[in-house]
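Hi there,

Here is the structure I promised to pass on to you. Have a look at it first, and then read my notes with the model open beside you.

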Amino acid sequence: MSIIFVTGKGGVGKTRTSLLWAQRYDTPLLVDLSTNLVHEAEKNGWTIPQVIELKRSRLYETFIKDTLSIPLLGAWISSRHLFHNFLELAPNLYELLILKELHRLAQKQDVLVDAPSTGHMIALMESIRAAQSLFDGGRLRQFADMMSAYFENPKNAHVVLVSLPEHSALSEMQELDNYFKMHWPRLKCTKIINRLHKPPSDTETIPTEWRELAFERPRREAQRLTQVAHDYTIEEGATAL
Amino acid sequence: MNVQFIWGLGGVGKTHIVLSEACRIEGRPLVITLDPSQRLFPLCGLEPQGSAVVRLNERDLHLKTTSTDHLFNELAQKSPAQPKVRILYDQMVKNLQEFRDYLSLVELADEMARANFDCILVDTPPLQESKRLDRSLEHLQTFFGTSLVQFAMKGSSMGFVKSAIQRLIKMSRLFVGEQAASAIFEFIEWLTQHADRFHNAATTLKSMMHSAQTSHILVTSPEGDIPVVVDFFDALKTSQKRIVINRSVKHFPQLEGESIFAREMKRLQSLESELVESLHAYDSRISIEQVPLCVMGDDTKDELESFIRLAGFTNK
């Protein structure tokens, strides 16, 4: 059972692409990290798949409950406010808690995550390596080691990189690709170019004001794509992968 | 000195609009980016760096981003740091976005205090992520204003305080190991010596955000989610709010036919008029600027300068 991460520059259409992918490959469960998958499905009139939203506050609550249940510690957290305060500032913790939950969910079925955009996606994965370099022991370190091993097996995770046929987005897709090749080389990265435009057919009359947009835009997009290896393209307005 | 925050969802063209605004403003502008991707620099043909001056359409613009090295040195000058602390600081800067957020907010507050420019334009992270920024601001305030920090401050000799800290350290060991737990607490102790600085930065920024002198610009596209836009304006108490609809199709003539192209454009045009109508209905005083859609996507400096000219951002 694997975790599928869908990521890319902000605004490329990760949420929409996540829904299309899940539809195409029958992914049983989708995870929403505050991107509102359900709203996007409703907007398009698509059937709503099974979605779990991971809320930051819930993840922390669960972590605190688990901690409280550790013998002796429960009694110690008398100044709970202090502990809360401290937790909220542990920057890596949120990312590790997300990974923990994803790992748990993936034990039972394939899970597709509508993941954060480039920088935050990298931070999500880096939380594992950061924990390994900062922590010399303890539960969080154990968990990080386990996740690191987990991502050594290509069966356990898959990365879907989404881009637009525009330079900035393509450049971030390359950045992500490089990052994964360097630090998580066993994981497969699939590249999708979204919102591709086709030129109108010859039979159409296009008013002058629209001509540049109608013809020049698709031409330049096609040109950019010749420079970039990719696995799928999705046309503007397409409703299937 | 006035401050302008420019907000927008990912992909609407915020970076282009920020630089366009900077070119049209009177006086000396500073553009400071809180966006971790620092897209401002490559768009101007520069490598991401701490600060730079770029010439755009005959204006000299000062660009700035978080300079964590500089900040550390400043802090360390006031109270020296053990090598362990520096290592942890560097690690946290390298790996931890939230920590970089804190630092960039402090730098922003510093710039505002220095007031070397006539106007500061703040390029924010994409709206989806700026909740995080808001949270960082809250944390900065809370952390440095209350409990933990005051407990850890040197000179506090109260027994119950010390034992609370001892508990926390013991507990942390369980999660991060012995050495890490002690390094982290040393780091926090060092950081708390600068508590005032961080606390003041957070307070200054909070009041700045909602002040009458500050303007907020939301950049959207014709497809912008109306509730998101409305929520955004609701959250800001200042009255100086503007919307820029980038990639506007308002000025294009009506298209006939049912081709894919015609349908796409008609859809965009109707979305845009809906957006404008909703905004007027929500608040008739909101000023809306519509910047025409043009063929772009190479993201070069030349393209940027053309955009600034064509979009009418020069000499307003």
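Below is what I found, starting with chain A as a whole and then moving to single elements and residues.

Please keep in mind that this is a predicted model.

**Chain A as a whole**

Chain A has 241 residues, and 54% of them count as buried. Its secondary structure adds up to 10 helices and 7 strands. If you follow the C-alpha trace along its principal axes, the spans are about 80 × 35 × 30 Å. The chain exposes about 11100 Å², and 50% of this comes from carbon and sulfur atoms. Take the contacts in chain A between residues at least 6 apart in sequence: 73% of these join residues at least 24 apart.

**A strand to start with: S1 of chain A**

How many of the 6 residues of S1(A) are buried? The count is 6 of the 6, so the strand is largely enclosed by the rest of the structure. You can see two faces here: A:Ile3, A:Phe5 and A:Thr7 point one way, while A:Ile4, A:Val6 and A:Gly8 point the other way.

As a reminder, strands of a sheet pair through backbone hydrogen bonds, either parallel or antiparallel. S1(A) runs parallel to strand S4 (residues 111-114) of chain A, and 4 bridges join the two. In this pairing, A:Val6 is opposite A:Asp114. S1(A) also pairs with S5(A), again in the parallel sense, over 6 bridges. There, A:Thr7 is opposite A:Leu161.

A:Thr7 turns up once more among the contacts of A:Ser117, a residue that also touches A:Gly8, A:Lys9, A:Gly10, A:Lys14 and B:Glu129, leaving aside residues up to four places away in sequence. A:Ser117 sits in the loop between S4 and H7 of chain A. Is A:Ser117 buried or exposed? Its relative accessibility is 11%, and buried means under 20%, so A:Ser117 counts as buried.

**Helices of chain A**

Two packed helices are described by the angle between their axes and the distance between the axes. For helix H1 (residues 14-25) and helix H2 (residues 37-44) of chain A, the axes come within 9 Å and cross at roughly 75°. H1(A) and H2(A) are therefore roughly perpendicular to each other. Where do they meet? A:Thr15, A:Arg16, A:Ser18 and A:Leu19 in H1(A) are in contact with A:Leu37, A:Glu40, A:Ala41 and A:Asn44 in H2(A).

Further along is helix H9 (residues 167-183) of chain A, with 17 residues and a reach of 24 Å from first C-alpha to last, close to the 24 Å expected. Its buried residues include A:Leu170, A:Met173, A:Leu176 and A:Phe180. An α-helix has 3.6 residues a turn, so residues three or four places apart point the same way. The cover over the buried residues of H9(A) includes strands S1, S5 and S6 and helices H7 and H10 of chain A.

**Chain B**

Chain B has an open sheet of 8 strands in the order S3-S4-S2-S5-S1-S6-S7-S8, with mixed pairing. Strands S3 (51-56) and S8 (287-292) stand at the edges with a single partner strand each, so one side of each has no neighbour in the sheet. On average, neighbouring strands of this sheet are turned by 25° against each other, ignoring direction. S7 (residues 241-248) and S8 of chain B run parallel and are joined by 5 bridges; B:Val244 is opposite B:Glu289 in S8(B).

Helix H1 (residues 14-24) of chain B lies across strands of chain B that include S1, S2 and S4, and runs at about 130° to S4(B). In helix H9 of chain B, the buried residues include B:Phe185, B:Ile188 and B:Trp190.

**Two residues with a positive phi**

Most residues other than glycine have a negative phi, and most peptide bonds are trans. A:Asp26 has a positive phi, near 55°, and is found in the loop between H1 and S2 of chain A. With 67% relative accessibility, A:Asp26 counts as exposed. B:Glu58 also has a positive phi, near 65°. B:Glu58 lies in the loop between S3 and S4 of chain B, and is exposed, with a relative accessible area of 68%.

Happy exploring, and do write if anything is unclear!

Conventions
Residues numbered from 1 in each chain as written. Chains lettered and ligands numbered in written order. Predicted model: local features only at pLDDT ≥ 70, side-chain atom pairs only at ≥ 80, totals over all residues. Heavy atoms only, no water. Expected span 1.5 Å × (residues − 1). Buried < 20%, exposed > 50% of the residue type's maximum accessible area, 1.4 Å probe, protein only. Contact = heavy atoms within 4.5 Å. Pairing = 2+ DSSP bridges. Axes fitted to C-alpha atoms, helices over the stretch in contact; angles between N-to-C directions. Areas by Shrake-Rupley, 256 points an atom, 1.4 Å probe, with all protein chains shown as cover. Parallel < 35°, antiparallel > 145°, perpendicular 65-115°, else oblique.
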